[in-house]
Amino acid sequence: MAQKTKDTLPKYQQVAIGIAKRIESGQYHVGEKLHSRSTLANAFKVSPETARKAINVLVDLDIVSVKHGSGVFVSSQLKAGEFLKKYSNVQAIKEIKQNIQQRIDKQKEELSLLNDAIDELVNQTQSDHIHDLLLPYELIIDHTSNHLNKSLSDLHLWQATAATVIAIKHENNLIISPGPYAMIRPNDTLYFVGDEYTKQRITNFFYK
C-alpha cells in the first residue's frame, strides 16, 4: 500500500525524497556538490525541469543550498532525516486513512447486503402471512356450545369474531359457502378463515 501511495505523489516530490534518502544514508555527504540537474534527471528518469523543482524543495527545507556559479551542495544530513521522517509520518497517516475508508466502504457494502436480506425476509414473511390467511381453520361444535340451533345471521358471527365461514360440515354433508340462514347444530364442523387471532375469538364465542 505504501508503494501505491508513493506513486500518487508528483514526480518532483518523489525525486526530492530520493535525493534526501541518499543524503540521509550518507551516499551524498554534507558539503558535497550534487550532480547537475541533467545528471539527476537521468538518474531518476525525469525531465530536467522536474529535477529543478525537486532541488527547489530541498533548498526550501535547508537540506541543500545553491551557490551561484558553483552548483548545488548538501547542507544538512539531519534535516534530510527530519524531512524523511515527516514524509513517513504523513504516509502512515494516509495509509491509516485509506485503511479506515476501505473498512467503511466494506461496512457499507455489508450493510447494504444486510438490508437486502432483511427486505427479502420481510417480503417472504408477508407472502407466508397472506398464504396463512387463506388456509381455513376448523372448529367442531359439540353439545356444550353456547350457540346451538341458530343461524349464522342470528349469531352475527362475522361481527363478533371477524371470521368468514366458508363451509359447514353437518353429518356427512359439506355445505360450501353457507348462506345467512344456515343453522349451527351439535357436532357440526365449521370451516372459516381470518387473521391469526380468529381461531381463538371464534372458540371463545362458542364456548365461553
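**Exercise 1. Find the bridge partner of Ala167 in strand 6.**

Solution. The bridge partner of Ala167 in strand 6 is Ile176. This is read from a predicted model. Next, place the pair of strands. Strand 5 covers residues 164-170 and is joined to strand 6 by four bridges. The two strands run antiparallel.

**Exercise 2. Give the strand order of the open sheet, then explain why strand 3 and strand 6 each have one side without a neighbour.**

Solution. Start with the order: the four strands are arranged 3-8-5-6, with antiparallel pairing. Now look at the ends. Strand 3 (137-141) and strand 6 (173-176) stand at the edges, and each has a single partner strand, so one side of each lacks a neighbour in the sheet. Neighbouring strands are turned by 20° against each other on average, direction ignored. Finally, add the helix: helix 8 (residues 198-207) lies across strand 3 and strand 8 (188-193). Its angle to strand 3 is about 10°.

**Exercise 3. Describe the lining of the largest pocket.**

Solution. Begin with volume: about 200 Å³. Then count: 13 residues line this pocket, with Arg37, Ile55, Val66, Gly71 and Val72 nearest its centre. Sort them by class: five nonpolar, four polar and four charged. Last, assign elements. Helix 4 gives the largest share, three residues.

**Exercise 4. Which helix supplies the largest share of the lining of the second largest pocket?**

Solution. The volume of this pocket is about 160 Å³. Helix 2 (11-25) and helix 5 (77-133) each supply at least two lining residues. Helix 5 has the largest share, with six residues. By class, the lining has eight nonpolar, two polar and two charged residues.

Note on methods: Residues are numbered from 1 along each chain as its sequence is written. This is a predicted model: local features need pLDDT of at least 70, side-chain atom pairs count only at pLDDT 80 or more; totals for chains, interfaces and linings use all residues. Side-chain values use heavy atoms; hydrogens and water are left out. Two strands pair if DSSP finds at least two bridges between them. Axes are lines fitted to C-alpha atoms, for helices over the stretch in contact, and angles run from 0 to 180 degrees between N-to-C directions. Contact means heavy atoms within 4.5 Å. On a 1 Å grid over the protein atoms alone, a cavity is a set of points where a 1.4 Å probe fits but cannot get out, and a pocket is an open set with protein on both sides within 12 Å along at least five of seven lines; lining residues have an atom within 4 Å of a point. Grid points are joined across faces, edges and corners, and a volume is the space filled by probe spheres set on the points. Ala, Val, Leu, Ile, Met, Phe, Trp, Tyr, Cys and Pro count as nonpolar, Asp, Glu, Lys and Arg as charged, and the others, Gly among them, as polar.
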